[in-house]
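Please open the structure in a viewer and keep the selection tool at hand. The tour below proceeds from one selection to the next.

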Amino acid sequence: MSILEVSDLSISFNQYTSGLKQRKLNVVSGLDISISEGEILAIVGASGSGKSLLAHSILGILPSNANVSGTIKYKGEALTAKRQESLRASEIALIPQSVNFLNPLMRVGKQVRSPANDKATIKAQRAAFERLHLSPEVEDMYPFELSGGMARRTLLSTAIVRDAKLIIADEPTPGLDPVVIKEALQSFRDLADEGRSIMLITHDIEAALQIADRIAVFYAGTTLEVASVEDFTGDGERLRHPYSKALWRALPQNDFMPIPGSQPQATDLPSGCLFAPRCAFMIPDCSEVRPDMRDLRNGKVRCLHAT
Ligand SMILES: Nc1ncnc2c1ncn2[C@@H]1O[C@H](COP(=O)(O)OP(=O)(O)OP(=O)(O)O)[C@@H](O)[C@H]1O
Ligand code: NI
């Protein structure tokens, strides 16, 4: 069963331009994803493709000038603002993109346990630190004393102590050395194998492929494909969307050929398929119709002629 289901999510921002004119900036449109119990869904996509906004909309922490439409269901029930607030403190944990999220004035052990500070929580915090290779002294440190890797592991231990059921990790590995990345990724896999669900947001397809079950490929605020990890193989012949194939081939161990062109801006989205202007397989229809997400070979794709 899906623990989280996002359907047809769109997010726009009201912006004032010169002369107090208002315009609506559509940054996410028609986005669909789901995560099952014990599953790791990786979200990959270029900077600005809407990954963090998806995370923030699930948690209900978008800025006040955001307009949201579509449905987000957690355990089969719609996530209302009230439910989001109580789940944020219990079952759903965000490991934010910025480590500035840590309170600079509070010792990290206390912070990880907060708001509880009873014996059982102290025990759980110490066990989580041990599990993530944070030595006992770290408990009494302040955030400025932590390295980037330690800060990220501290944030992850918060989710473990709280026994979160759904962990949303937004870029948990940038700037870490390869050994630490490997360890951090393995801890995500272990947590999923215990039955938790994880949304892993990353630029790093190779990292995602090491631990995820499925990968959602984001582009210009929508999902172009959802594929299982096994589909990323060979020349990319099992992938469905020309963009996912091109991303796969652009990896260093493959052809290492970048995709010409760049992702369109929210102010200037093409009217048909969002990828059409860069697509080597584009036909005239592609610039007229925005393709719906459809099921294809045990995955999903948003492309008129993917087979
Ligand atoms: N408060 C806001 N007002 C207007 N536009 C915004 C706002 N927040 C985000 N955006 C725009 O929405 C788009 C998606 O942003 P988002 O942070 O989700 O990207 P991302 O995929 O997480 O990128 P990155 O990989 O760089 O973290 C971007 O183009 C961004 O400029
Ligand atoms: Ni982001």
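Select the residues of the shell around ligand 1: by type, 6 are nonpolar, 8 are polar and 1 is charged. The model is a predicted one, and this applies to every stop on the tour.

Within that selection, 15 residues surround ligand 1, and those that come nearest are V27, S47, K51, S52 and L53. Two elements, β2 (22–36) and α1 (51–59), each give two or more residues to this shell. The largest share, 3 residues, is that of α1.

Next, select α1 by itself. Is this helix largely enclosed or not, and why? Of its 9 residues, 8 are buried, so α1 is largely enclosed by the rest of the structure. The buried residues of α1 are K51, L53, L54, A55, H56, S57, I58 and L59. Move on to G60, which follows α1 and has a positive phi, near 75°.

The tour now turns to the nonpolar interior. In soluble globular proteins, nonpolar side chains tend to be buried together. Here the largest nonpolar core contains 82 residues, of which I167, F188 and L200 touch the most other members. Select helix α5 (residues 148–161) as well, since the largest share of this core, 6 residues, comes from there.

Finally, centre the view on I167. Which residues does I167 touch, not counting residues up to four places away in sequence? They are A93, I95, A159, L191, R196 and I198. Displaying these contacts around I167 concludes the tour.

Methods. Residues numbered from 1 in each chain as written. Chains lettered and ligands numbered in written order. Predicted model: local features only at pLDDT ≥ 70, side-chain atom pairs only at ≥ 80, totals over all residues. Near = placed C-beta within 6 Å. Helix = DSSP H or I, 4+ residues; strand = E, 2+ residues; numbered from the N terminus. Nonpolar A, V, L, I, M, F, W, Y, C, P; charged D, E, K, R; others polar. Buried ≥ 20, exposed ≤ 12 C-beta atoms within 10 Å, placed from the backbone. Core = buried A, V, L, I, M, F, W, Y, C linked by C-beta atoms within 7 Å. Contact = placed C-beta atoms within 7 Å.
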